[in-house]
Amino acid sequence: MATVVATTSLQLTPEKQKEVVHALEDAIGSMFKAYSLYFVPVPQDNVTECAKDQTTFYVFVPPALSVDRRRQMIKVLTDAMLNTVGYKGELKNIVIFKYHGDEDCGVDGVLRADAK
């Protein structure tokens with residue numbers, strides 16, 4: 001399972017935001033059977049100049065995710081953004097992986113290590 005939090009300062013119409021979310025769902029769904037996606041718009045007044053039109057993806061996954069799957073995840077997320085909003089310049093799609101083991105994550109009040 002993956003949890004993906006996408007923060008963006010892109011100024012999107014409600015229709016375009018739905019399109020982006022659907023494209024990201026398809027992209028993440030191509031990589032993981034189970035996932036959560038949170039798409040969080042940030043007003044451009046609340047970011048630095050270099051962060052305007054930028055989307056940063058925080059991908060929370062177990063540490064066993066291979067380097068090849070990480071490369072693929074970066075590509076599918078970036079392609080989804082490019083295909084829906086177009087090229088906005090360099091440093092506009094950033095993917096950061098945060099790893100968690102079974103002792104570092106709980107679901108429904110139970111530590112994952114205890115649930116196994």
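Two strands count as paired if DSSP finds at least two bridges between them. The exercises below apply this criterion to a predicted model.

**Exercise 1.** Determine which strand β3 joins through 7 bridges, and how the two strands run.

*Solution.* Strand β3 covers residues 55–61. Its 7 bridges lead to β4, and the two strands run parallel. Pairing requires at least two bridges, so the 7 bridges between β3 and β4 satisfy the criterion. Within this region, Phe60 stands opposite Lys98 of β4.

**Exercise 2.** Establish the order of the strands in the sheet, and explain why one side of β2 and of β4 is left without a neighbour.

*Solution.* The sheet is open and has 4 strands, in the order β2-β1-β3-β4, with mixed pairing. Strands β2 (35–41) and β4 stand at the edges; each has a single partner strand, and therefore one side of each lacks a neighbour in the sheet. From one strand to the next, the twist averages 15 degrees.

**Exercise 3.** Identify the strands that each helix meets.

*Solution.* Helix α1 (residues 14–29) lies across β1 (2–8), β2 and β3, and runs at about 150 degrees to β2. Helix α2 (residues 67–85) packs on the sheet and touches β1, β3 and β4. The direction of α2 makes about 145 degrees with that of β4.

**Exercise 4.** Locate Ile96 and state which surface patch includes this residue.

*Solution.* Ile96 belongs to strand β4, residues 93–99. Its relative accessible area is 39%. Partly exposed residues lie between 20% and 50%, so Ile96 is partly exposed. Together with Tyr58 and Phe60, Ile96 makes a nonpolar surface patch of about 230 Å².

Notes:
Residues numbered from 1 in each chain as written. Predicted model: local features only at pLDDT ≥ 70, side-chain atom pairs only at ≥ 80, totals over all residues. Heavy atoms only, no water. Patch = residues over 30% accessible without salt bridge, like charges linked within 9 Å, V, L, I, M, F, W, Y side chains within 5 Å. Areas by Shrake-Rupley, 256 points an atom, 1.4 Å probe, with all protein chains shown as cover. Salt bridge = Lys/Arg side-chain N within 4 Å of Asp/Glu carboxyl O. Buried < 20%, exposed > 50% of the residue type's maximum accessible area, 1.4 Å probe, protein only. Axes fitted to C-alpha atoms, helices over the stretch in contact; angles between N-to-C directions. Contact = heavy atoms within 4.5 Å.
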